[in-house]
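Trainee: I would like a close look at the charged side chains of this protein and how they pair. Please take the pairs one at a time and say where each partner sits.

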Amino acid sequence: MISWWSATCSCTDSQRDPPPFLEEVQSFPLGSDGTVIAVSDADGMRIRRSSSSTQGQEGFQAAPSVQPEELPPDDVPLLCVSLEPSPSSSRPSEIFAENLQREEPIEAPEDPLEEMSGWLMCYGEPSSGNRLQVTRLAKASAGTPVAGFFWKKRYIVLKNSQLLCWATQQQGPKKQAPSAILILSQLEEVAVEGKTLSLHMRNQKLALQARADTEELANKWAAAVKSHAGRAISKSLPPGWDVEAMLSSGVGGSAAKLVNKELLPSTCHPAFQKLLDHCFVCKSTKDRRGNTVPLRLEIVDAVRVQNGAAWMEYSKARTRICEKVFENNEWLKQGLDSESCSSFTNSEGRPSRIDAASQGSDSASFQWDPFGMQTPLLTSTLDLKALQEILGKTDLSSNEQWLFHGTSREAVENISDREFRLDKAGSHRGTLYGKGIYFAECATKADEYCVEDADGYCWMLLCRVALGTVMVCKEKKPSPDILEQCIAGKYDSLIGDRWTAVGTFREFILFDSDQVYPAFILRYKRWSEAAFCRCIRETAESEDTGMAAEVYPHAAILAEEHPDSTVRCRLSLLMDAHSDSVVPVLCDALKDRRRRVRLNATKALKNMAGQTTSVEALPDGSRYRRHRDGVHVVVSAVPALMSCLKDSDRFVRRAAARALERLGEHAGPAVPNLIMSLRDREEEVRAAVATALGQLGPAASEALPALLQASLDHEESVRVAALGALGFLGLSSSAVLEVLTDALRDPSSEVKSAVATALGMLSAVTAVDSLADCLSDGQSHVRAAAAKALGQIGGKHTASAVPRLTQSLKDSDHVVRRSAAVSLGRIGPFAASAATNLADAMRDGNTQVREAAATSICRLGVSERIPHNVCIQSLVKRGLSDACAEVRQAAAESLLELARSDQLGSHKSTVREAMTVRLKDENAKVRGIASTCLGLIPEDAPKKKKHKAKKKGGESGREHSPCADAETEEDLDPEGVLELEDIARLVLSLTRRVRDVRHEGILRSA
């Protein structure tokens, strides 16, 4: 039999060769107690005496053994080797780090394990090398007369997690030391094949085989060895790992040694599903290669990976990082070594300042961030007890985090059985930050690298990653030597902050595979848009509260964050269509600890508060109508929205105020809470609350004193919202008007614009002169608001402002010109003096101005003949022939209104001809208006004949009479096109005729 070496050699650990085989041993001097003092192998390497020897103890003999006959002369005793490290090999830093990482309390003394002893035929063989032929001969010789050349009979005792070997059975009070000791804490695999028991040791290229008399006895030995080895190995592994299954190759779906894969029960799926939903950010990068972003990732299976070798290497990496952190922070190390250590550490022996920094606590006097993380990871912000119980605690001293790694199914199996390989970096996707192992905090980023298998499932790893001290790169195009910079700067990992650079994801890159442990395998499937919408509808119909609590908050997030506006609209409409079941779930989501869930649930309620009617088709072909009669069901969410006004996040408070604003008067019970929120510390919240109070209208009349006080706020946005809300309340008291009038002198143009709007809504007659003065303000939006307010006031009180409004028709800003045109129409007959100016505005280059002018002309009630003719002819010639359909429609409506009020006068025939032409207009509304107008104008309208006047000289001898002069005036055809130049010609013609009459009178008198 051969044993495994861990003794102190004359060479270094990296140079240590495999232990010699049994036939290679040349000399073995023994001590007085029978222990090997020194051994020389065939190469001359000397192995010094072991530092300790194990004293045998009497144990329970599980199987009867028979004393063998006298051993043959060539039977050499087995080598005694101690695998336990010497006390001097442990450095103080290692002991400190080990104590720092200890998370579990000291356990009670363990129950003793069952001991076994008996005779077994043993053989040591290499697992690889040039001795394959010898190994085959040894296996083939079992049970044959030549077995003695390979198999040696040894008395084996199993106790205290060790295998003790003697060449003879120990009897009597005086016992010899064992000739060989096998430390089971180094065991990697236990396999049974028939009567043969095979033991494989970790990091050694040989295995021990032992043959029992029966298969039952071999299985019994295997079970006992696993039990003892499990006790020894479990001390260096996380609690709860099935070490016996890890020692059985092939158990748990893995053929690797010291690896077990435990399929978690379905009761764990909700916790993992919440993790995927929490880490779902609906964005896409070029790594998705044009594929559609799924709307959800649904967990199917979760497997816990128990890889002993990978975990031990990972634990060493964590310890190494922890040591470096405290070496770089000598003040903390001195504090921990001093008597005041309790002030720096918590009950678990960890630095309390690290805990405070990692949890974002405001109670810490300062944020100690030795790792340079800057912002917490998305995976660390999910406070879910059920998930924490499954994942376990993280080591804060090494900056341990949970991260995702997406790849193919085959790669997932290989990584979980062995470890990550840096030589495979870049084989699946690009390496923007160099050759390293890439991880993501967002499940959607990791999903970009996943490949669907034949069944349509994807595979992803959830890994423990010891980030240590990180280097953050926020550059859009990182430097080609970013890897060298990270290593030269003594960083342990690199964060590629693409979130800050281009608005996508953060990537985490490691260049040491020992800093990663693949802890869980997640099998999931992607949900398309059609599948997700179908799930929402089916959940609403089945009234499944459990599924509703998962799907509806996730749908609310997608309805706000999805990059496709069409998808956002469809999800919003779908939730509104099933609002009876969606609203209660979203109200519960407002109490969620996650800020992202609360915020998007509030926004979803705000969107559903708007009552609209539309028909939309879903991707699966179904159609539904969004329509509400009466009070919307969102009104039931008012109490929940009121509580959100006190939320710790300012964005949630602002969204709640906006949702109450959408509900209008139905949010009346929230007025006291809104009044209190007017004193919020954030200006954007105060502004949103003031706007919401204004939208509540008269229901918020009790908020008038608070709004008046808010109108004096030092923040401009708050003053604008408060002053605007005063107009919506509709309370035109002297105090309100005085405050508004004084606010017109505010230096902020936004404030003056809001005040002008409020004065218009309140019909503040006393503020007409002040509003007229604002028509000459330097800001166009102030002039437009003032012009609009004057129109809202209207009546005779604004007649004094008509000249200023007339001047505004030539303003440089088209919005001001349009507002002035609309206001003149609202003032009505008191603005009749501006008729010719409005007619001239029909030539404006902006269609909105021409449309407003065409609409306002019919409201002036012009009675004078010339302005009346000018207005009608401008509507006929300019309006009905305009290239814009909206202008033609406005002109036709104005002429129709004049026809109804019988104000066309002598222009009926002209209007009828123009409307007849408009019956063929391309716009249906214009054709309809023309048809209606023709029905109001009689067909037998009298038409005046046109006479051509012959101009004769004074030699004709014809005398001019007053009747002839009147007829000549008729020849100018007043029903024709009369514009400003026509009026000028008419005046010139009359002047010439007066001159001719005077000249004729002079001739007669002569």
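Mentor: The charge pairs come first, then a patch of unpaired charge, then two residues with unusual backbone angles.

This is a predicted model, in which local features need pLDDT of at least 70 and side-chain atom pairs count only at pLDDT 80 or more, while totals for chains, interfaces and linings use all residues. Residues are numbered from 1 along each chain as its sequence is written, and side-chain values use heavy atoms, with hydrogens and water left out.

Side chains of opposite charge can pair when their charged atoms come close. A salt bridge here is a side-chain nitrogen of Lys or Arg within 4 Å of a carboxyl oxygen of Asp or Glu. The structure holds 41 of them.

Start with Asp447 and Arg526, whose closest N and O atoms are 2.8 Å apart. This pair joins distant parts of the chain, 79 residues apart: Asp447 belongs to helix H11 (residues 443–447) and Arg526 to strand E18 (residues 516–527). Helices (H or I, at least four residues) and strands (E, at least two) are DSSP runs, numbered from the N terminus. Asp447 has a relative accessible area of 1%, so it is buried, whereas Arg526, at 27%, counts as partly exposed. Buried means under 20% relative accessible area, exposed over 50%, and partly exposed in between, with a 1.4 Å probe and protein chains only.

Both residues also belong to a network of salt bridges that links Asp287, Arg288, Lys445, Asp447, Glu448, Glu452, Glu507 and Arg526.

A second bridge runs between Arg650 and Glu684, with 2.6 Å between the closest N and O atoms. It too links distant parts of the chain: Arg650 is in helix H20 (residues 650–663) and Glu684 in helix H22 (residues 683–696), 34 residues apart. Arg650 is partly exposed at 34% relative accessibility, and Glu684 is partly exposed at 24%.

A third bridge joins the side chains of Arg918 and Asp921, at 2.6 Å from N to O. Arg918 is buried, with a relative accessible area of 17%, and Asp921 counts as buried at 5%.

Now the charges without such partners. Lys788, Arg818, Arg826 and Arg859 gather in a patch of positive charge on the surface. Such a patch is made of residues with over 30% relative accessible area and no salt bridge, like charges being joined within 9 Å. Lys and Arg count as positive; His and the chain ends are not counted. The place of a charge is taken as NZ of Lys or CZ of Arg. Arg826, one of the four, lies in helix H30 (residues 814–827) and is partly exposed, with a relative accessible area of 42%.

Last come two loop residues. Asn399 is not a glycine, yet it has a positive phi of about 60°. It sits in the loop between helix H9 (385–391) and strand E12 (400–407) and counts as buried, at 5% relative accessibility. Ser763 also has a positive phi, near 50°, in a residue other than glycine. Its place is the loop between helix H26 (749–761) and helix H27 (768–774). At 36% relative accessibility, Ser763 counts as partly exposed.

Conventions: Patches are made of residues with over 30% relative accessible area and no salt bridge: like charges are joined within 9 Å, nonpolar side chains (Val, Leu, Ile, Met, Phe, Trp, Tyr) within 5 Å. Accessible areas come from the Shrake-Rupley method with a 1.4 Å probe; for residues, only the protein chains shown count as cover.
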